[in-house]
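I went through this model with a short list of things to look up. The entries below follow the order in which I checked them.

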Amino acid sequence: MSELKMKTVLMVAEKPSLAQSIAKILSRGNMSSRKGLNGACSVHEYTGSFVGQSAHFKMTSVCGHVMTLDFIGKYNSWDKVDPAELFSKAPTEKKEANPKLTMVKFLQVEGRGCDCIVLWLDCDKEGENICFEVLDAVLPVMNKPRSSERTIYRAKFSSITDTDICNAMNHLGEPNRNEALSVDARQELDLRIGCAFTRFQTKYFQGKYGNLDSSLISFGPCQTPTLGFCVERHDKIQSFKPETYWVLQAKVNPEKESSLTLDWDRVRVFDREIAQMFLNITKMSKEAKVKALLSDGINRPRKGHDAGDHPPITPMRAATEAELGGDGWRLYEYITRHFIATVSADCKYLQTTISFSIGPERFTCIGKVVTSPGFTEIMPWHSIPLEESLPHCEKGDLFPVSEIKLLEKQTSPPDYLTEAELITLMEKHGIGTDASIPVHINNICQRNYVTVESGRRLKPTNLGIVLVHGYYKIDAELVLPTIRSAVEKQLNLIALGKANYHQVLEHTLDIFKRKFHYFVDSIAGMDELMEVSFSPLAATGKPLSRCGKCHRFMKYIQAKPSRLHCSHCDDTYSLPQNGTIKLYKELRCPLDDFELVLWSSGSRGKSYPLCPYCYNHPPFRDMKKGMGCNECTHPTCQHSLSMLGIGQCVECENGVLVLDSTSGPKWKMACNKCNVIVHFFENAHKVRVSPETCDLCDAALVDVDFNKAKSPLPGDETQHSGCVFCDPVFQDLVELKHAAMRHPMHRGGQGKRQGRGRGKGRRPGGRLNPKKPKDKMAALAAYFV
């Protein structure tokens, strides 16, 4: 009977939309769908045939890489480890790329009890690597195969069409271990080399200069040569010296009322006297003789290259501008026009070239006439520009010369690189992959190494220029594309099975370790360039708050990363980023006598005070670096979590809602971990956290004092004490929102919710059992889909 048992086949694609499309094709639309436990991926089930037997199929997906590489423990700390140790001593481990998606658990739940797995990941090296990440998660929970029974299959496809998908299903292969290893090697090289150089130069330069305006002075084996291309073009523009040249221009009259402008075959000369000689010679002839006539029928070549890795972007259905909106419609229209153009006829035109002689000099005139517009009707920006039609003539015909003159012109400098030109250079030199090239370009923009000017041109900043010139001064190979190209060739040999993974890794890391030590020893060379362009910390910023050690004013440096610097003690204190900092009422920390400062993300966001010293040197064991007063566990300080904490956050697991004592009269409490904000008691005169707690939910009670004229309390009362979450009197006075953060990565939705029965203990020992909002993962799924 066991022989007749239907097999269960798990199939995994690289993203949810692909899983749905592939399942729809293979099941011929006859499938059932459900959400997976992580909310981001769906599972599509149907019954069909597999290797000649009936089988139950479960088609699902991941969301890109399942795992990522990182250092273990103390090696993630910038302060505890010498960057040189990252090249060899520091152990690494694979961690979940996005822990919130619980992708490993999701795959194991769906894979449990399955007999076979078919991998539908993208057909490039990254896709092969993800194949083995999926296998590592799923194989331990799948049914054990009998003897030599095959259970792992790999589908190869390059488009989401019925023909391609069915063909892939009928010709299943195996995942390529060597290609996956080449990606592992690239990940480890980039992690170790990038982190070592980045940590060293960030700490070195940010400890000396105040106006670098970059939170991270990063280095990357691909990122830095990418920046190098931009600076190389900048240097050419700066060093360019215009040269004067002369061009001979002639006009002939084929008919009485028409004239043709002819181009000189010599193009240009850089010597004025020689140019004048050619002018004198040609002026002696009053007629231009037709020497040759050439007509070419041309078809525009439009053959692309199918790399076989990613399905092309294909329009799936008709849409309207009202449906998609401005930018969405422009993108949709471009993709649709491009797709229709690829299946349209060629653009055909007739090009005619007439060669003239005026005396001993040759001139040319070219004309084009479109005979069939073809695909350019769909993509008019590729159309052949309209030109004057050339006169009918034959070899030996003579035309009167109406004008011959000498034009003086100057050579012009090249322009800054466009993104498209930069991508071409990166591909030419083997810098990055098709998936990582946009990431490298984005990184140099984010680090403030380049700015994007009009026409999508990349102009290097002072910081980017100085870094590249510094690398050239110390070790040019750090910025030239040659060494990365050599590494990429070695990685390709691993993918082909012609090189040993461990040997390539060890050899490359040994080279860069030597380069790193030389770079550290020679950093003074780059520092000399930095001194010319940037100001030292002591000369940057404005006085803001007093140091607790010397009681002199520390300067607030606003440029990224914002920080405080005491020039007398020569100490620098990091601050929270992406907000504003101001002095907090000249109040001092009871532990170290530093003046407190107030961080705010804006009027609609959250704010909290912090001690600069405690923020960088946690005073208690249960605190970490980067915690403000709203997370401080000092038992008696009036600004601490112990005194202002009200109840557990309604959304995140470890957060506590803390009263913002600066927010009156629009009072609010904010989570000290996530961006949840609760607005309450608007126009109250005073709001104070009581030492007493709620009998129902353990949240701290609050004492509220309203002005008599604006009191919303019943019976004209002005004072009330109760629980924000449970007290019926407070029920309509509480509104939950997400903080409006300045940084685009922290955009939160806004919602309104009654706050009854949602608080659970404000202090570290309180009960932690919050309700999870139902829509959090749905929003995440929508993002990935």
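Before the sheets, I noted the rule for pairing: two strands pair if DSSP finds at least two bridges between them. The model is a predicted one, and I read every entry below with that in mind.

Entry 1, a three-stranded sheet. I looked up an open sheet and found three strands in the order β21-β22-β23, paired antiparallel. Which strands stand at the edges? They are β21 (580-588) and β23 (607-610). Each has a single partner strand, so one side of each is left without a neighbour in the sheet. I also took down the turn between neighbouring strands of this sheet, which is 25° on average with direction ignored. For the pair of β22 (residues 595-600) and β23, I counted four bridges in the antiparallel sense. As a point of register, I noted that Val 597 has Leu 610 in β23 as its bridge partner.

Entry 2, β2 to β4. I then moved to the strands at lower residue numbers. Strand β2 (residues 32-35) runs antiparallel to strand β3 (residues 42-50), and four bridges join them. Here I found Ser 32 opposite Glu 45 in β3. The hairpin of β2 and β3 has six residues between the strands, and Gly 39 takes a positive phi near 75° there. On to the next pair: β3 and strand β4 (residues 53-61) are antiparallel over seven bridges. Thr 47 has His 56 in β4 as its bridge partner. How many residues lie between β3 and β4 in their hairpin? I found two, and Val 51 in the turn has a positive phi of about 50°.

Entry 3, β28 and β29. I looked up one further hairpin. Strand β28 (residues 684-693) pairs with strand β29 (residues 700-706) in the antiparallel sense, over six bridges. Val 687 has Val 704 in β29 as its bridge partner. Between the strands of this hairpin there are six residues, and I noted a positive phi near 70° at Asp 698.

Entry 4, Ser 663. Is this serine buried or exposed? Ser 663 has a relative accessible area of 11%, and because buried means under 20%, Ser 663 counts as buried. I placed Ser 663 in the loop between β25 (656-659) and β26 (668-671). I then checked what its side chain reaches. The backbone oxygen of Asp 660 is at 2.6 Å from the side chain of Ser 663. A polar atom of that side chain also lies 3.1 Å from the backbone nitrogen of Lys 668.

Entry 5, a surface patch. I looked for nonpolar surface and noted a patch of about 270 Å², made by Phe 339, Ile 340 and Val 343. I found Phe 339 in helix α9 (residues 326-342). The relative accessibility of Phe 339 is 35%, so I entered Phe 339 as partly exposed, that class lying between the buried limit of 20% and the exposed limit of 50%.

Entry 6, the whole chain. Last, I took down the overall figures. The chain has 18 helices and 31 strands. Of its 785 residues, 46% count as buried. The C-alpha trace spans about 110 × 85 × 65 Å along its principal axes.

Terms used:
Residues numbered from 1 in each chain as written. Predicted model: local features only at pLDDT ≥ 70, side-chain atom pairs only at ≥ 80, totals over all residues. Heavy atoms only, no water. Axes fitted to C-alpha atoms, helices over the stretch in contact; angles between N-to-C directions. Patch = residues over 30% accessible without salt bridge, like charges linked within 9 Å, V, L, I, M, F, W, Y side chains within 5 Å. Areas by Shrake-Rupley, 256 points an atom, 1.4 Å probe, with all protein chains shown as cover. Salt bridge = Lys/Arg side-chain N within 4 Å of Asp/Glu carboxyl O. Buried < 20%, exposed > 50% of the residue type's maximum accessible area, 1.4 Å probe, protein only. Polar contact = N/O pair within 3.5 Å; in protein donor to acceptor, adjacent residues only side chain to side chain.
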